[in-house]
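Colleague: I should like a close look at a single part of this model, namely its interior, with attention to polar and charged side chains and to any metal coordination. Please set out what each one touches and which stretches of the chain are brought together.

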Amino acid sequence: MQRAYSPADTLIAHADRVLRTLAGHAKTTGRDNPADATEHTKLDDDDAKLSAQLMRVNHAGEVAAQALYQGQSLTARNKDVQEKLTQAAEEENDHLAWCRKRLDELGEQTSILDPFWYLGSLAIGATAGLAGDKWSLGFLAETERQVVQHIDSHLEKLPDSDHKTRAILEQMHEDENQHATTAIEQGGVELPEPIKQSMQLVSKIMTKTSFWV
Ligand SMILES: [Fe+2]
Ligand SMILES: [Fe+2]
């Protein structure tokens, strides 16, 4: 017999998810890391440093994405929507794990502000969820679109010799595009322009800061 979950169970499950995300043990889909299929090339110090800085930004972005999805799943009303969000959140965990591993290989740390990005995004995600599914899905679609643009810019800046990071970013690019499409298919609406612009501003602060720390 399946047991019913009490509010306390749900709270514990969410707290567990926060800790797992921040500690790097979040539940993934188990897909292969795209970097594993590429040949290893030795990067010079400057290239390795630049790749690592870009990867720290991507890792921070994936921490935030995870929190956004979690925040929305706390408040999403529709069961179907909740399921889709959970699926996307697991794919975000793949990204998180791949970015973290690549950062390790490049010898750099994750952003010291990751817990801050997590809590901020969790609050934003839950607020968007409270506004109703169509807005929260619209918010998600817009976030994913902005992430796709941001990955495009990283693919341009990335050193040519860094095949491993490139392979990861290309798979993430494909997944984020799919997440945006899914959010629209589930009923997400187009956000007002001022909201899109404030989202861009927040993501600019996050990307600029996590490039360095
Ligand atoms: Fe992602
Ligand atoms: Fe995504």
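Modeller: Helices are taken here as DSSP runs of type H or I with at least four residues, numbered from the N terminus. The model is a predicted one.

With that convention, arginine 166 falls in helix H6, which covers residues 163–185. Arginine 166 is buried but has no salt bridge. Its nearest side chain of opposite charge belongs to aspartate 160, at 4.1 Å. A salt bridge requires a side-chain nitrogen of Lys or Arg within 4 Å of a carboxyl oxygen of Asp or Glu, so a separation of 4.1 Å does not qualify. Beyond the neighbours within four places in sequence, arginine 166 is in contact with Leu155, Leu158, Pro159 and Asp160.

The metal coordination comes next. For the iron ion (ligand 1), the protein donors are Glu62 (OE), Glu62 (OE), Glu92 (OE), His95 (ND1) and Glu176 (OE), at distances of 1.9 to 2.3 Å. Along the chain, the donor residues of this iron ion (ligand 1) are spaced E-x29-E-x2-H-x80-E. Two of the donor residues, glutamate 92 and histidine 95, both lie in helix H3, three residues apart, or about one turn of the helix. Histidine 95 counts as buried because its relative accessibility is 0%.

The iron ion (ligand 2) is coordinated by Glu92 (OE), Glu144 (OE), Glu144 (OE), Glu176 (OE) and His179 (ND1), at 1.8 to 2.4 Å. Its donors follow the spacing E-x51-E-x31-E-x2-H along the chain. The iron ion (ligand 2) lies 3.9 Å from the iron ion (ligand 1), and glutamate 92 coordinates both. Glutamate 92, in helix H3 (residues 79–105), and glutamate 144, in helix H5 (residues 133–157), link distant parts of the chain, being 52 residues apart. Glutamate 92 has a relative accessibility of 0% and therefore counts as buried. Glutamate 144 is also buried, with a relative accessible area of 3%.

Helix H3 also takes part in charge pairing. Aspartate 162 forms a salt bridge with arginine 102, and their closest N and O atoms are 2.9 Å apart. Aspartate 162 lies in the loop between H5 and H6 and arginine 102 in helix H3, so this pair ties together parts that are 60 residues apart in sequence. Both aspartate 162 and arginine 102 are buried. The two residues also belong to a network of salt bridges that links Asp36, Lys101, Arg102, Glu105 and Asp162. In the whole structure, the search finds 13 salt bridges.

Not every partner in these bridges is buried. Glutamate 190 and arginine 145 meet through their side chains in a salt bridge, at 3.9 Å from N to O. This pair, too, links distant parts of the chain, with glutamate 190 in the loop between H6 and H7 and arginine 145 in helix H5, 45 residues apart. Arginine 145 counts as partly exposed because its relative accessibility is 32%.

Within helix H7, lysine 196 forms a salt bridge with glutamate 193, the closest N and O atoms again lying 3.9 Å apart. Lysine 196 and glutamate 193 are three residues apart in that helix, about one turn. Lysine 196 has a relative accessibility of 11% and so counts as buried, whereas glutamate 193, at 45%, counts as partly exposed.

Among the uncharged polar side chains, glutamine 70 merits attention. Glutamine 70 is placed in helix H2 and counts as buried because its relative accessibility is 1%. Not counting residues up to four places away in sequence, glutamine 70 touches His14, Arg17, Val18, Tyr118 and Leu122.

Finally, there is the matter of open space. The largest pocket holds about 1,000 Å³. It is lined by 42 residues, of which Val202, Ser203, Lys204, Met206 and Thr207 are the closest to its centre. Helix H2 (45–75), helix H4 (114–130), H5, H6 and helix H7 (193–212) each supply at least two residues of that lining. Helix H2 thus recurs from the account of glutamine 70, and H6 from that of arginine 166.

Definitions and conventions
Residues numbered from 1 in each chain as written. Chains lettered and ligands numbered in written order. Predicted model: local features only at pLDDT ≥ 70, side-chain atom pairs only at ≥ 80, totals over all residues. Heavy atoms only, no water. Donors = N, O, S within 2.8 Å, 3.2 Å for Na, K, Ca; no water. Buried < 20%, exposed > 50% of the residue type's maximum accessible area, 1.4 Å probe, protein only. Lys, Arg positive; Asp, Glu negative; His and termini not counted. Contact = heavy atoms within 4.5 Å. 1 Å grid on protein atoms, 1.4 Å probe; cavity = no way out; pocket = protein on both sides within 12 Å on 5 of 7 lines; lining within 4 Å. Points joined across faces, edges and corners; volume = space filled by probe spheres on them.
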